Amino acid sequence: MRHPRTVMSAVVGLGFGLAAALGTAPAIASSPAPAPAAPAAQAGYTAQAGSHEDAAANKAFFEAVVKSVAEKRAANPGAQAVTIVYSTASAPSFRTQIASSAQIWNSSVSNVRLQEGSNPDFRYYEGNDSRGSYASTDGHGNGYIFLDYAQNQQYNSTRVTAHETGHVLGLPDHYSGPCSELMSGGGPGTSCTNAYPNATERSQVNSLWQFGFAAALARQSS
């Protein structure tokens with residue numbers, strides 16, 4: 001996706017847009033996205049000017065999420081499926097799309113699960129931003145996904161949300177990919193409505209959370 005900011009270690013800032021899902025966009029955000037405490041790596045839904053398709057930034061976003069989860073799950077290192085908790089309190093207009101994207105990922109992979117709840121590992125925010133939608137992290141274990149009103153009216157909003165959530169799970173942007181590739185984001189154009197990861201993306205996420213999380217737990221206990 002094209003717009004800067006980071007969330008977790010493997011992906012930073014993704015942006016997407018959807019015209020049909022939201023109807024008229026709210027005039028203001030219910031809660032502004034937090035300002036990063038340090039320079040943030042970001043990735044947007046589209047590859048526009050100012051975006052950062054940076055491997056290190058993508059990695060930082062994913063690692064921030066893993067660190068947050070590992071700190072809470074170190075007491076149960078034998079768990080097969082890792083649960084990532086998210087909050088939609090600051091993105092009420094997108095609750096339906098967020099729930100759909102979580103269901104899509106939960107039905108697509110087996111080593112990690114997304115669940116709404118308290119004490120979240122990351123949060124969703126909504127509002128207006130010229131950079132569009134993106135995933136962002138401050139590099140200190142704090143990550144969030146920002147969903148831009150205008151972009152989510154231009155592109156399929158569930159695809160945008162699932163794409164940005166893919167960053168949380170460790171996947172980078174790949175704008176040159178086909179519509180069948182979720183992480184191609186806005187690359188295939190506004191007519192692309194696919195919100196499901198392909199076989200390669202599913203395999204990558206399962207591998208990351210099978211081996212990457214185990215390594216994170218090892219570091220926590222050392």
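This passage walks through the fold, a central strand, an aromatic cluster and the disulfide of a predicted model.

The overall layout is a good place to start. The protein contains 5 helices and 6 strands, and along the sequence these elements follow the pattern β-α-β-α-β-β-β-β-α-α-α. Of the 222 residues in the protein, 53% are buried. Among contacts with a separation of 6 or more, 77% are between residues 24 or more positions apart.

Strand β2 offers a convenient way into the fold. It spans residues 82-90, and 7 of its 9 residues are buried, so the strand is largely enclosed by the rest of the structure. Strand β2 has pairing partners in β3 and β4. With strand β3 (residues 112-116) it runs parallel, and 5 bridges join the two; within this pairing, T83 has R113 of β3 as its bridge partner. With strand β4 (residues 122-127) the pairing is also in the parallel sense, here over 3 bridges, and S87 stands opposite R123 of β4.

The connection from β2 to β3 can be followed through helix α2. Together, β2, helix α2 (residues 95-108) and β3 make a right-handed β-α-β unit. Helix α2 has 14 residues, and from its first C-alpha to its last it reaches 20 Å, close to the 20 Å expected at 1.5 Å a residue. The buried positions in α2 are Q97, I98, S101, A102, I104, W105, N106 and S108. A reminder about helices is handy when reading that list: an α-helix has 3.6 residues a turn, so residues three or four places apart point the same way.

Zooming in on a single residue of β2 helps to show its surroundings. I84 lies in this strand and, at 0% relative accessibility, counts as buried. Leaving aside residues up to four places away in sequence, I84 touches V65, V69, V112, R113, L114, Q115, D121, F122, V168, L169 and W209. One of these is V112, which is 28 residues from I84 along the chain; the C-alpha atoms of the two are separated by 7.2 Å. V112 also belongs to the range of strand β3, residues 112-116.

Between β3 and β4, the loop holds a residue worth a look on the backbone. N119 lies in this loop and has a phi near 50°, a positive value in a residue other than glycine. Unlike the buried I84, N119 counts as exposed, at 55% relative accessibility.

Attention now turns to the aromatic side chains. The model has 8 aromatic pairs. In one of them, the rings of Y134 and Y144 have centres 6.3 Å apart and planes at 70°, so this pair is edge-to-face. Y134 sits in strand β5 (residues 134-137) and Y144 in strand β6 (residues 143-148), so the pair ties together parts that are 10 residues apart in sequence. Both tyrosines, Y134 and Y144, are buried.

Y134 also takes part in a second pair, this time with F146. Here the ring centres are 5.2 Å apart and the planes stand at 15°, so Y134 and F146 are stacked. This pair likewise links distant parts of the chain, with Y134 in strand β5 and F146 in strand β6, 12 residues apart. Y134 and F146 are both buried. Y134, Y144 and F146 join Y125 in one aromatic cluster. Y125 falls within the range of strand β4, residues 122-127.

Finally, there is a covalent cross-link to consider. A search of the whole structure finds 1 disulfide. It is formed by C179 and C192, whose sulfur atoms are 2.0 Å apart. The torsion about the S-S bond of C179 and C192 is about 90°, so the disulfide is right-handed. C179 and C192 both lie in the loop between α4 (157-168) and α5 (199-221), 13 residues apart. The two cysteines differ in exposure: C179 is partly exposed, with a relative accessible area of 28%, whereas C192 is buried, with a relative accessible area of 3%.

Technical notes:
Residues numbered from 1 in each chain as written. Predicted model: local features only at pLDDT ≥ 70, side-chain atom pairs only at ≥ 80, totals over all residues. Heavy atoms only, no water. Phe/Tyr/Trp six-rings, centres within 6.5 Å; stacked < 30°, edge-to-face > 60°. Helix = DSSP H or I, 4+ residues; strand = E, 2+ residues; numbered from the N terminus. Buried < 20%, exposed > 50% of the residue type's maximum accessible area, 1.4 Å probe, protein only. Pairing = 2+ DSSP bridges. Right-handed = clockwise from strand over helix to strand, strands pointing away. Disulfide = S-S within 2.5 Å. Expected span 1.5 Å × (residues − 1). Contact = heavy atoms within 4.5 Å.
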